[in-house]
Amino acid sequence: MKLTVWTYEGPPHVGAMRVATAMKGLHYVLHAPQGDTYADLLFTMIERRNHRPPVSYTTFEGRDLGADTAGIFKKTCMDAYERFKPQAMIVGASCTAELIQDDPGGLAETMGIPVPVIALELPSYQRKENFGTDETFYQIVKGLARPMDRTPEVTCNILGPLALGFRHRDDIEEVKALLWEMGIGVNVVAPFGATPMDITTLGQAHFNVAMYPEHCETACRHLERVCGQPFTRTVPIGVGATHDFVAEVAKLAGVEPRTDLSRLRQPWWSASVDSTYLTGKRVFVFGDATHVKAAARIARDEMGFEVVGLGCYNREFARDIRDLAKEFGLTALITDDYLEVEEAIAAAVPEMILGTQMERHIGKRLGIPCAVISAPVHVQDFPARYSPQMGWEGANVIFDTWIHPLVMGLEEHLLHMFRDDFEFHDEAGPSHHGGHAPVAMAEAGGFTPQTPESLPAKMNDAPEATGSDVMVWLADAEKELKKIPFFVRGKARRNTETFAASQGISQISVETLYEAKAHYAR
């Protein structure tokens, strides 16, 4: 645990809150001091849920530490049961409360609460949020699910979607549609929308679909061992992965694979003439392991991009991402430090970033377009509209999401190119107004637009240097540099300055710029 401005994952008790908030009829009693209740805002403000998370806090204060904090926890537990009457409860401690070692699980066992009470042991100083989601769901499944007779028809459980997940709500519908096309029923979706009573019936399904391994893999392995239920390994994000998922599910269910591709437009759009400028674009991929694996495959195999860097922040899947990186001839970046990620992106000089909300901010600082592919995300990535990532419609959404930053980047580049043009500068007025353009700002004593006749004869007067070791860009060179697309302009500037320094040049002209270009093109 460390102090940071941004973080990819919160402490593990936030992961437990995500599971509890996704479910119904479950209540979470969290032993925590005042100040640790901030997590409520994640759900009400960012995810825009219309109800608070089902969490009761002990909210002990500093003066309580010398008294009976265990008594405060017991009272909070009993009050929560009497008020909410849940089907089951989970209890645990926040990272701060962990230090006082009150043992919430042991205390709850002695209280005689007449519903299942599941204790959570979440090591806040060794693990993080995604571990918290996976461990919490596993403990709930372990405590409630039992082997039972299978349903007469072929059914499966859909496991992994939860609160604050990236497009989880819509991904569920896409996965259900894929299963429905093959005549496979859904027994339970969990944690999202499930009750503790639903969890007790998990054992009657024939197999499990693991939508997001970060949140459900341990529970899936437990059900495979205890209930004899196999689970899927393929996550259906992207066209190729969705085909693979359908084939895997059909094999598990003993049915013929069937697909309805009538909604799928991504392959043709990706291959169409107006999309060919995307081919070969350099992209850097970073996020959670599940979405990074999917995005890297889509970028290379379905969009024709060149993946120049990839990594993930959840160390539990570091081995998988390192193996993936080897397939791309890269070294994986495994870190939860956004400054390391920014440094790696700057060094790779991609033309686009596929990442989280963090990388969106990094892209803004570096002038590189970014499409969000993974949590953590902000409020704009919880849209009111239907916007999945999985299945056939998910492939369409991904195509649109990824190309829009590049299209806007191209427009921005053209605006930069023609900004100084006498016909298109900022004060010229809309071109479709023709002769009715607004009065020139010069008449009001403001900006004077330049026409070809008014341009000075010499545009390359050098600004005064402040020392022999200062690299000075002449005006004409700066103007020429602005014609380079903004997403590679930084690299062009650095390469030119490196070349100039190697040649002992302190003033960079247009000639120097093109000599550097020729040098690095060899």
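Three short exercises on a predicted model follow, each with a worked solution.

**Exercise 1. The sheet**

Task: Find the strand order of the open sheet of five strands, then say which strands stand at the edges.

Solution:
- Start with the order. The strands run β10-β9-β8-β11-β12, with parallel pairing.
- Now take the ends. β10 (333–334) and β12 (370–372) stand at the edges.
- Each of these two has a single partner strand, so one side of each lacks a neighbour in the sheet.
- Next, look at one pair. Strand β8 (residues 282–287) and strand β11 (residues 352–355) pair in the parallel sense, over three bridges.
- Pick out one bridge. Phe 284 has Ile 353 in β11 as its bridge partner.

**Exercise 2. Helices across the sheet**

Task: Which strands does helix α12 lie across, and which does helix α14 lie across?

Solution:
- Take helix α12 (residues 318–327). This helix lies across β9 (306–312) and β10.
- Read its angle. Helix α12 runs at about 165° to β9.
- Turn to helix α14 (residues 357–366). This helix lies across β8, β11 and β12.
- Read the angle again. Helix α14 runs at about 170° to β12.

**Exercise 3. A glycine in a helix**

Task: Is Gly 105 buried or exposed? Which residues does Gly 105 touch, leaving out those up to four places away in sequence?

Solution:
- Locate the residue. Gly 105 is in helix α4 (residues 104–109).
- Check the area. The relative accessible area of Gly 105 is 9%.
- Apply the cut-off. Buried means under 20%, so Gly 105 is buried.
- List the contacts. Beyond those sequence neighbours, Gly 105 touches Val 91 and Ala 119.
- Add a distance. Gly 92 is 13 residues from Gly 105 along the chain, and their C-alpha atoms are separated by 6.8 Å.

Notes. Residues numbered from 1 in each chain as written. Predicted model: local features only at pLDDT ≥ 70, side-chain atom pairs only at ≥ 80, totals over all residues. Heavy atoms only, no water. Pairing = 2+ DSSP bridges. Helix = DSSP H or I, 4+ residues; strand = E, 2+ residues; numbered from the N terminus. Contact = heavy atoms within 4.5 Å. Axes fitted to C-alpha atoms, helices over the stretch in contact; angles between N-to-C directions. Buried < 20%, exposed > 50% of the residue type's maximum accessible area, 1.4 Å probe, protein only.
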